[in-house]
Amino acid sequence: AMMLSDRLTFLGKYREFHRMYGEKRFADAASLLLSLMTSRIAPRSFWMTLLTDALPLLEQKQVIFSAEQTYELMRCLEDLTSRRPVHGESDTEQLQYGPLVLLSFTSIICWKLL
């Protein structure tokens with residue numbers, strides 16, 4: 001029952017993220033997205049999707065993620081790409097998109113710092 005409750009909570013919060021993003025409430029959406037990963041509400045198998053969702057927020061002309069939040073995103077990405085799959089998880093998506101997302105994050109962050 002607890003596992004189902006956690007999944008429903010995650011799905012509700014993820015829908016809320018997309019609603020905020022659609023309303024151009026980018027700072028709120030960014031904070032929610034990051035909290036889904038750092039609080040471990042989001043299943044680890046879904047992290048790559050969440051990190052991919054973060055890319056357009058990182059590409060905004062205005063600063064959406066603080067430096068601390070950006071480092072947290074990078075830590076999540078490193079955690080995801082450096083660990084073996086957890087029981088029941090497939091590493092196919094991780095291997096397929098991990099390097100691309102890492103490259104995107106790195107180039108965006110370097111560009112922002114210049």
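**Aromatic contacts and helices in a predicted model**

Me: In this predicted model, is Phe-46 buried, partly exposed or exposed?
Reply: The relative accessible area of Phe-46 is 25%. Since buried means under 20% and exposed means over 50%, a residue with this value falls in between, and Phe-46 is therefore partly exposed.

Me: How is the ring pair of Tyr-14 and Phe-46 classed?
Reply: The structure holds six aromatic pairs. In the pair of Tyr-14 and Phe-46, the ring centres lie 5.1 Å apart and the planes stand at 85°. Because planes over 60 degrees apart count as edge-to-face, the class of this pair is edge-to-face.

Me: How many residues apart are Tyr-14 and Phe-46, the partners that link distant parts of the chain?
Reply: Tyr-14, which is buried with a relative accessible area of 14%, belongs to helix H1. Phe-46 sits in the loop between H2 and helix H3 (47–58), and the two residues are separated along the chain by 32 residues.

Me: Does Leu-8 of helix H1 count as buried or exposed?
Reply: Leu-8 lies in helix H1, which covers residues 2–22, and joins Leu-4 and Leu-11 in a nonpolar surface patch with about 320 Å² of accessible area together. Its relative accessibility is 54%, and because the cut-off for this class is over 50%, Leu-8 counts as exposed.

Me: What distance separates the end C-alpha atoms of helix H2?
Reply: Helix H2 comprises 13 residues, 26–38, and among its buried residues are Phe-26, Leu-33 and Met-37. At 1.5 Å a residue, H2 should span 18 Å, and this agrees with the distance between its end C-alpha atoms, 18 Å.

Notes:
Residues are numbered from 1 along each chain as its sequence is written. This is a predicted model: local features need pLDDT of at least 70, side-chain atom pairs count only at pLDDT 80 or more; totals for chains, interfaces and linings use all residues. Side-chain values use heavy atoms; hydrogens and water are left out. Helices (H or I, at least four residues) and strands (E, at least two) are DSSP runs, numbered from the N terminus. The expected span of a helix is 1.5 Å times one less than its number of residues. Buried means under 20% relative accessible area, exposed over 50%, partly exposed in between (1.4 Å probe, protein chains only). Patches are made of residues with over 30% relative accessible area and no salt bridge: like charges are joined within 9 Å, nonpolar side chains (Val, Leu, Ile, Met, Phe, Trp, Tyr) within 5 Å. Accessible areas come from the Shrake-Rupley method with a 1.4 Å probe; for residues, only the protein chains shown count as cover. A salt bridge is a side-chain nitrogen of Lys or Arg within 4 Å of a carboxyl oxygen of Asp or Glu. Rings of Phe, Tyr and Trp (its six-membered ring) pair if their centres lie within 6.5 Å; planes under 30 degrees apart count as stacked, over 60 as edge-to-face and the rest as tilted.
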